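Please read these points with the model open beside you. They deal with internal space first, then the overall chain, then charged pairs.

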Amino acid sequence: MDFSALEFAISALNIMLDPARLMVLAAGVLVGLTIGVIPGLGGIVGIALLIPFTFEMDPYSAFAFLIGIGAVTTTSDTVPAVLFGVPGTTGSAATILDGHPLAKRGQAGRAFGAAYTASLLGGLAGAVLLAVSIPVLRPVILYLGSPELLAICVFGMSMVAVLSGKAPLRGMVAGGIGLMVAMVGSDPQTGTMRWTFDTLYLWDGVPLVPITLGLFALPELADLAIRRQSIGRQARVDTRSGQLQGIRDSLKHWWLILRCSWIGAALGAVPGMGAAVIDWLAYGHALKTEKDTERFGEGDIRGVIASESSNNAKEGGALVPTLAFGVPGSASMAILLGAFTMHGLVPGPRMLTENLEITYSIVWSLALANVLGAGLCLTFSNQLARVATIRMGLLLPVVLAIIFLGAFQGSRQWGDLHVLLGFGVFGWVMKHQGWPRPPLILGVVLGDIVERYLFISVNRYDWAWLSRPLVILFFTLALLGLLRPLLRNLRAAVGRGAGFQLRPRFSTSALFTLSILAVLLGFILVTSQWNFEARIVPLAVGYTAMVCAILSVINEVFLRPATGAALEPAAKAEGNGKGETLRLDRQTALKRVVEFFAWCGGYLLLARVTGMLPSILVFVVLGVRFWGRESLFRALGLGLG
């Protein structure tokens, strides 16, 4: 037994039991619970939104806050799933099958009691998996050098194919764009200014925070602005009666919770597996292994228990590859990698050696957050349910103001807000054209690390590092990870009678891909004029992304299966593609999204004239008054608040 690891674990627990840090953790849990109730936001947006507010915290408090947010969004997302039949996040989709019918029969409290208890036990199972993995991985990680770490990073980048759902080509292009964005600024080896366009703001690179907020937060808020409605119309709901019965149900089916928790934790450790898959696998496991399953899908409490225990357990599993190897286990973990960088921490060997105390503090934060989250949900479920009924006209201006402040915290330059708005528009178009966004942010996070390890490997070992056994293994796994989805989709397309058509067919998705191809070509032309040392990595990334973009264009324009399903589907690469919010007529939806981004642009202009804080007051008051159609008194109250 590794007694040194046990000492670090005990020391980390003492650190986390500090009252100030417990308050920070509780604040993160409250934010996470609130965000989980609002469909379309979820842990990714929550972590991205509040990373900037951890800059002044020590690492223990910062990660307690962020883990608190991410760990419990899958606890409170049960509220809209059960009450309104709308999943708060993709991880609660399977909960609807039995949770919503129970609510219709007046047993919402029972469903909540079972769900919160299963979430608590599942989250603790994930924390146990993470804690057990650390002493096992420590001796392994000590034998890894720069070449092996580079190979692991490349393997992590190959996971873009998995993070991209059914759009692996687009995922590779998005990952390439992310790597190129990470290389903007002064080249660390030669001092060459790469893609700065003579702009002083870009000399130190593009800050991660406004990119993340733009890609993930603004598109979701834009979709809320398009819908212009809260998900539930009930002003008063009773979610308390029957909770004790639900708790008893969970304790009765403890063996089912244990099985589904370990399914969620184990699959969560597989990079890119995703919550949208895990809860369905656990639900299917319960359906096949439990007795008397005729009422599954009609209000069987076991269906709620299976889904909720697995989706909370996955967070602990996803942290295993994230902390040990710097390979994100999920999209939210890719954003969390950025938080490590901002606090001067490098995910990988150092997290299991020099920073082991911080690693164990994350384990304790995960466990404590699940206990606190389940307790708060059981106590305040009525209040959380009312969050889902808040009018969007009140919610949007306030959340947008927080995003503007958060983005400005990146480097406290006006360029941060321009990056926020630019990536916000780009992220919304990506989402509604079926382009996955997680690979792009993963490329931004891993870009500097990949380039640094490559420079060290080549300088120290010349090209002999390519023959090292672990390097060959991880490069082979990366190649298989990239080729497998492409070959699978190609076989599926050929099996359906796919073939080339002479008459090209240009969709909006194909035109978007062509525009990205043109931008990539322009960047490559600029890159070709640099010194050899400065251009070798950017050119390799640029050419790879361009080839993938060309293949994607050929697929969309010329390759059409007889059944109408293309080799690479044009939508729903992230599971919430362009069909979700454009159920309105296209003209109305586009008008509303233009209006949304015009409001954001107007704020930028106002902030330039009056400064950040006065402009936020004016923005919130005007937004609530004219956008939300609320009274002037309420608008002033929110603005001053």
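**Notes on cavities, chain and salt bridges**

1. The second largest cavity holds about 70 Å³ of space. The model is a predicted one. Eleven names make up the lining of this cavity: Ile47, Leu66, Ile67, Gly70, Ala71, Glu315, Leu319, Ser332, Met333, Leu336 and Leu366.

2. Which elements each supply at least two residues of that lining? They are α4 (59–76), α15 (301–325) and α16. Helix α4 gives the largest share, four residues.

3. By class, the lining of the second largest cavity has eight nonpolar residues, two polar and one charged. Glu315 is on the lining list, and Glu counts as charged.

4. The largest cavity has a volume of about 90 Å³. Its lining has 14 residues, with Cys153, Phe325, Gly326, Pro347 and Ile449 nearest the centre. Two or more lining residues come from each of α8 (146–158), α16 (331–342) and α20 (438–461). Helix α20 provides the largest share, four residues.

5. How many charged residues are in the lining of the largest cavity? There are no charged residues there; eleven are nonpolar and three are polar. The lining of the second largest cavity, by contrast, includes one charged residue.

6. Helix α16 deserves a look in both places. It is listed among the contributors to the largest cavity, and it also supplies at least two residues to the second largest. The search covered the whole structure and found four cavities of 30 Å³ or more. Rolling a probe the size of a water molecule over the atoms shows where empty space is left.

7. Now the chain as a whole. It has 26 helices and four strands. Of its 641 residues, 57% are buried. Take contacts between residues at least 6 apart in sequence: 80% of them join residues at least 24 apart. The exposed surface is about 26,200 Å², and carbon and sulfur atoms supply 66% of that.

8. There are six salt bridges in the structure. One of them joins Asp249 and Arg110, with the closest N and O atoms 2.6 Å apart. Asp249 sits in helix α12 (residues 243–252) and Arg110 in helix α7 (residues 108–141), so this pair links distant parts of the chain, 139 residues apart. Why does Asp249 count as buried? Its relative accessibility is 7%, and buried means under 20%.

9. A second bridge pairs Asp223 with Lys431, again with closest N and O atoms 2.6 Å apart. Asp223 belongs to helix α11 (residues 208–227) and Lys431 to helix α19 (residues 414–432), so the pair ties together parts 208 residues apart in sequence. Both Asp223 and Lys431 are buried.

10. Arg259 and Glu290 also meet through their side chains in a salt bridge, at 3.1 Å from N to O. Arg259 is in helix α13 (residues 254–268), while Glu290 is in the loop between α14 (275–289) and α15; the two are 31 residues apart. Arg259 is buried, as is Glu290. Which residues share a network with this pair? Asp300 and Arg302 do: salt bridges with shared partners join Arg259, Glu290, Asp300 and Arg302 into one network. Side chains of opposite charge can pair when their charged atoms come close.

Methods. Residues are numbered from 1 along each chain as its sequence is written. Side-chain values use heavy atoms; hydrogens and water are left out. On a 1 Å grid over the protein atoms alone, a cavity is a set of points where a 1.4 Å probe fits but cannot get out, and a pocket is an open set with protein on both sides within 12 Å along at least five of seven lines; lining residues have an atom within 4 Å of a point. Grid points are joined across faces, edges and corners, and a volume is the space filled by probe spheres set on the points. Buried means under 20% relative accessible area, exposed over 50%, partly exposed in between (1.4 Å probe, protein chains only). Contact means heavy atoms within 4.5 Å. Accessible areas come from the Shrake-Rupley method with a 1.4 Å probe; for residues, only the protein chains shown count as cover. A salt bridge is a side-chain nitrogen of Lys or Arg within 4 Å of a carboxyl oxygen of Asp or Glu.
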